[in-house]
Amino acid sequence: MKLTAKRFRTRRPEFPAAPAEGQTGLFDNADDGFGPGKFPTANPANLSSPAEVASEATMDKIKQEGLTGRQLRMARKLAQKYGLPATSDFDAVRVLRAAGVDPFQRTSMLDLVTSGGRPVQMPESRALTNVPQGDTVQLPQTIKPIQVPSTEARAEVNHAADIMKIQRDLSRRRRRKSSLLIARLVFFVLLPTVVTGWYYYMVATPLYATKSEFVIQQAQNPTAAAGGGLGGLLSGSPMATSQDSIAVQGYLQSREAMLRLDEEHEFRAHYSEPGIDPIQRLEPDATLEAAYKLYKRNFQIAYDPTEGLIKMEVIATTPEKSVEFANALIEYAEGQVDHLTQRLREDQMAGAREGFEDAEVKMMDSQRKVVELQEKFKVLSSEVEVTLITSQIGQLETILSQDRLSLQQMQSNARPNAARMDPLERRIAALESEIASLRGRLTQSADGTQSLAQVQSELLVAQADVQTRQLMLAQSIQSMETARSEANRQTRYLSLSVKPIPPDEATYPRAFESTLVAALIFAGVYLMISMTAAILREQITA
């Protein structure tokens, strides 16, 4: 593949030549603004040289080109590389163009490299040719180009070598990156995975897990179930006992349950045995929080709201101890279930029992008052007494009416018999007196005794009070029976669906699964760190 010489041609700016001795310079005829006379300050000796003026004009043109900061930095670096004096970035552009190098053309760097890889030595200065003095503006002459090796020959000879060098550099970089990547993978992924697998296969203590399941049930109420409604729909569903199940789950996962298990079954002593590996072993002088973390890790208790089951998994170093801990927790759960409804049942029964006892006492008091009134008035029943006196008055009234008729018949005779009329009159008077006395007993008090009307009123009030107390006693009895039925319905029962059975082989650790998960975790962490570092590196170098 050949490169033409046209590709390596560069444009060289023409600088104004300095005037020779005896020639008139560019500023000899300059008008100083003070007429035809010469002013001392208008002497060209006080002005800059034409080369400096041309340089400043070229600098102004370069500044007006609108070059970017990156282009200026590239020009400054290229000028420093070839040893060209430059006082600023714009001056670097000027001196590079004066040297025949385009600082913004990528191929210009290859033009200045020889076959041996050394940069072409640039001339330190360029001689400017003089031009004759004239009235017109003087322009710089064309500078002779630097004698450089033929571009075609260099392209033919060094192009393949450059390509091989680039390929070798790329291959070396790829090998270095591959080696670095492999080293990082070994250090950050493979080595931690090997250490994790060695721990699970060789060091970790085998643990035995005992699983059990139980459900909290509620006593069925036939009346509520038959009545229907929302209570009847939820009575047989897990929603009826969900609060109790959640409360039992929270209790079994609490520090109180752990302390009780430690007190009764030596929880901390079991996990502090020297045969357990250091990572899973609990120190004998460990704090309560450390023991509680171990308890939560080895005692998994979960509640399934769809089925209403409480699932429990207990992990220990021996199958027997695992079953022992599981049975102890089930016993604690039963006690907690009884404790949840005990206060409610006691409150319901206490209120009903107090109401029944109060109604019974008041009924006995009212009954005793009726008896006292009967003894006081010597009357068993006021209604009977009134009926008896009323019947006596009626009989006496009948006899009195007959005697009065008889007396009237005797008095109707012309000569009445006085011997027969006197006894009849006395009898009529006695009957009237007796009837008046009986009537007086009904409504009038006599000899410090109360009338039968007052006695009957007090007895009726006392008897009505007795009847009211009897009705209230009957209602309290019914309320107590209802409360007893409701208390029985509030009773919760713990039904064990899966009993704890000791396993015959270790459940944990699962060496292969745990090692694989650890490898995936280490690989993910390494990938995240690598991506973050690459993004930060790109942002910094951009």
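**Figure 1. Helix α12 and helix α8 lie across the four strands of the sheet.** In this predicted model, helix α12 (residues 319-377) lies across β1, β2, β3 and β4 and runs at about 15 degrees to β1, where axes are lines fitted to C-alpha atoms, for helices over the stretch in contact, and angles run from 0 to 180 degrees between N-to-C directions. Helix α8 (residues 242-252) also lies across β1, β2, β3 and β4, running at about 170 degrees to β2. Helices (H or I, at least four residues) and strands (E, at least two) are DSSP runs numbered from the N terminus, and the protein chain has 16 helices and four strands. Residues are numbered from 1 along each chain as its sequence is written, and side-chain values use heavy atoms, with hydrogens and water left out. Because the model is predicted, local features need pLDDT of at least 70 and side-chain atom pairs count only at pLDDT 80 or more, whereas totals for chains, interfaces and linings use all residues.

**Figure 2. Four strands form an open antiparallel sheet in the order β2-β3-β1-β4.** The edge strands, β2 (299-304) and β4, each pair on one side only, and neighbouring strands are turned by 25 degrees against each other on average, direction ignored. Two strands are taken to pair if DSSP finds at least two bridges between them. Between β2 and β3 there are six bridges in the antiparallel sense, and I301 has M312 in β3 as its bridge partner. Strand β1 pairs with strand β3 (residues 309-316) over eight bridges, again antiparallel, with T210 standing opposite V314. On the side of strand β4 (residues 492-498), six bridges join the antiparallel pair β1 and β4, and Q218 stands opposite R492.

**Figure 3. Strand β1 is largely enclosed by the rest of the structure.** Eight of the 11 residues of β1 (residues 208-218) are buried, a term that means under 20% relative accessible area, with exposed meaning over 50% and partly exposed in between (1.4 Å probe, protein chains only). One residue of this strand is S212, which counts as buried because its relative accessibility is 2%. Leaving aside residues up to four places away in sequence, S212 touches I310, K311, M312, I330, V498, K499 and P500, contact meaning heavy atoms within 4.5 Å.

**Figure 4. Helices α9 and α11 cross at roughly 95 degrees.** The axes of helix α9 (residues 255-265) and helix α11 (residues 288-298) come within 10 Å, and the crossing angle makes α9 roughly perpendicular to α11, a class that covers 65 to 115 degrees, while angles under 35 count as roughly parallel, over 145 as roughly antiparallel and the rest as oblique. On α9 the contact is made by R255, A257, M258, L259 and L261, and on α11 by L288, E289, A291, Y292 and Y295. By class, this contact has eight nonpolar, no polar and two charged residues; Ala, Val, Leu, Ile, Met, Phe, Trp, Tyr, Cys and Pro count as nonpolar, Asp, Glu, Lys and Arg as charged, and the others, Gly among them, as polar. S254, in the loop between α8 and α9, touches Y292 and Y295 when residues up to four places away in sequence are not counted. S254 and Y295 are 41 residues apart in sequence and 9.4 Å apart in space, C-alpha to C-alpha.

**Figure 5. Helix α3 is mostly covered.** Seven of the 10 residues of α3 (residues 89-98) are buried, namely D91, A92, V93, R94, V95, L96 and A98. These buried residues pack against α1 (50-64) and α2 (69-81).

**Figure 6. Two loops contain backbone features, at E266 and at P509.** Most residues other than glycine have a negative phi, and most peptide bonds are trans. E266 has a positive phi of about 55 degrees although it is not a glycine; this residue is found in the loop between α9 and α10 (267-271), and at 52% relative accessibility E266 counts as exposed. A cis peptide bond, with omega about 0 degrees, joins Y508 and P509, and P509 lies in the loop between β4 and α16 (511-541).
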